[in-house]
Amino acid sequence: MTATTTTETDTAAHPAPAPDVRPAAIRAEGVSLGYAGEPVVEGVDIDVSPGEILVVLGHSGCGKSTLLRAFAGLLRPLAGRIVADGADVTGPAAERALVFQDDALLPWRTARRNVELPLQLHGVARRERRRVADEWLERVGLSRYAERLPGQLSGGMRQRVQLARALAGSPGLICMDEPFGALDAQTRGSMQQLLVETWAASGCTVVFVTHDVDEALVLADRVVVLGRHGVVAEHRIDHPRDSARPPAAEQRAEILAALSRTQSLAPISPRTDPRKDVA
Ligand SMILES: Nc1ncnc2c1ncn2[C@@H]1O[C@H](COP(=O)(O)OP(=O)(O)OP(=O)(O)O)[C@@H](O)[C@H]1O
Ligand SMILES: [Mg+2]
């Protein structure tokens with residue numbers, strides 16, 4: 001983790017509870033994704049094991065958020081299948097949470113009531129909802145802001161409320177789209193630590209998108225680099241999350257090289273042969 005000291009915005013010291021979580025397997029099989037019938041990414045084959053932390057890297061616009069939307073059941077593939085625990089994903093489900101890249105809090109609900117939302121969907125009684133929501137707000141360092149509306153919070157605070165909301169629902173799969181991008185380095189380190197602690201306590205599966213190779217290397221069991229025509233590189237991290245044995249410099253260099261290769265891929269056009277897209 002990049003930060004270990006405590007500040008008033010840091011997470012609570014006590015460990016996360018071990019909620020009743022069934023880690024999900026999720027798989028993309030020959031998937032093409034796009035909008036209005038136009039593909040933005042194609043040929044995606046990714047198999048995420050239950051309890052794994054998979055980090056997805058890729059240049060801006062290559063389809064990372066689009067892939068997470070499909071994993072969360074918010075976007076149907078143009079071709080291929082998304083399969084969760086052996087069944088085709090055909091829509092959203094409480095077991096699969098998505099922390100959006102853009103602000104996705106309900107603006108008319110306070111921070112606390114936003115965090116309560118997945119619990120409400122699970123039918124949890126009001127008093128218990130409030131207790132769990134307050135616990136998560138404490139973990140993300142926002143107890144004092146429970147009554148604030150999203151519009152009265154900073155971008156980084158809103159990201160943390162989103163994180164609390166996703167984790168409060170104890171999902172089997174949590175898809176996170178650059179969740180810590182708006183945070184300062186110290187809070188980012190604390191949130192990474194919170195994610196790893198929650199993951200270790202619950203065993204949930206995590207698919208995490210970032211542009212930060214170092215963040216990928218501290219969080220991941222496995223890193224994939226996505227290009228417009230599918231996965232272009234894959235690295236299993238030898239000693240995941242072991243701060244005593246930092247990831248190998250060669251893996252970092254290889255991932256950076258794969259990223260720079262994908263930069264040169266032109267957009268998919270239905271009128272061109274994709275194999276000619278490489279500049
Ligand atoms: N709702 C939408 N309607 C039409 N096109 C979209 C929509 N959302 C995304 N796109 C297009 O799909 C492509 C992939 O977008 P996506 O948001 O998945 O990229 P990304 O890899 O997450 O990028 P970034 O790293 O910048 O977040 C882009 O060309 C984008 O313009
Ligand atoms: Mg994105």
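This briefing covers helix packing, the surroundings of ligand 1 and two residues with positive phi. The model is predicted. Helix 3 takes part in two packings, one with helix 4 and one with helix 2. Ligand 1 has a shell to which helix 1 gives the most residues. Aspartate 85 and glutamate 178 have positive phi values.

**Helix 3 with helix 4**

- Helix 3 spans residues 126–139, and helix 4 spans residues 155–168.
- Their axes lie 9 Å apart, at an angle of about 135°.
- Helix 3 and helix 4 are therefore oblique to each other.
- Their crossing is right-handed.
- Helix 3 brings Val132, Ala133, Trp136, Leu137 and Arg139 to the contact, while helix 4 brings Ala164, Leu167 and Ala168.
- Seven residues of this contact are nonpolar, one is charged and none is polar.

**Helix 2 with helix 3**

- Helix 2 covers residues 111–121 and packs against helix 3 at an angle of about 120°.
- The axes of helix 2 and helix 3 are 9 Å apart.
- Helix 2 and helix 3 are therefore oblique to each other.
- The crossing of helix 2 with helix 3 is right-handed.
- From helix 2, the contact takes Ala111, Arg112, Val115, Glu116, Leu119 and Gln120.
- From helix 3, it takes Arg129, Arg130, Val132, Ala133, Asp134, Trp136 and Leu137.
- The residues in the contact of helix 2 with helix 3 are seven nonpolar, one polar and five charged.

**Around ligand 1**

- The residues surrounding ligand 1 are Tyr35, Val40, Gly58, Ser60, Gly61, Cys62, Gly63, Lys64, Ser65, Thr66 and Gln101.
- Helix 1, residues 64–71, gives the most to this shell, with three residues.
- Seven residues of the shell are polar, three are nonpolar and one is charged.

**Positive phi outside glycine**

- Aspartate 85 is not a glycine, yet its phi is positive, near 45°.
- Aspartate 85 sits in the loop between strand 4 (79–84) and strand 5 (87–88).
- Aspartate 85 counts as partly exposed because 15 other C-beta atoms lie within 10 Å.
- Glutamate 178 also has a positive phi, of about 45°, although it is not a glycine.
- The loop holding glutamate 178 runs between strand 7 (173–177) and helix 5 (185–202).
- Glutamate 178 has 20 other C-beta atoms within 10 Å, so it counts as buried.

Notes. Residues are numbered from 1 along each chain as its sequence is written. Chains are lettered from A and ligands numbered from 1 in the order in which they are written. This is a predicted model: local features need pLDDT of at least 70, side-chain atom pairs count only at pLDDT 80 or more; totals for chains, interfaces and linings use all residues. Axes are lines fitted to C-alpha atoms, for helices over the stretch in contact, and angles run from 0 to 180 degrees between N-to-C directions. Helices (H or I, at least four residues) and strands (E, at least two) are DSSP runs, numbered from the N terminus. Angles under 35 degrees count as roughly parallel, over 145 as roughly antiparallel, 65 to 115 as roughly perpendicular and the rest as oblique. A crossing is left-handed if the near helix is turned anticlockwise from the far one by less than a right angle, and right-handed if clockwise. Two residues are in contact if their C-beta atoms, placed from the backbone, lie within 7 Å. Ala, Val, Leu, Ile, Met, Phe, Trp, Tyr, Cys and Pro count as nonpolar, Asp, Glu, Lys and Arg as charged, and the others, Gly among them, as polar. A residue is near a molecule or strand if its C-beta atom, placed from the backbone, lies within 6 Å of it. A residue is buried if 20 or more other C-beta atoms lie within 10 Å of its own, exposed if 12 or fewer, and partly exposed in between; C-beta atoms are placed from the backbone.
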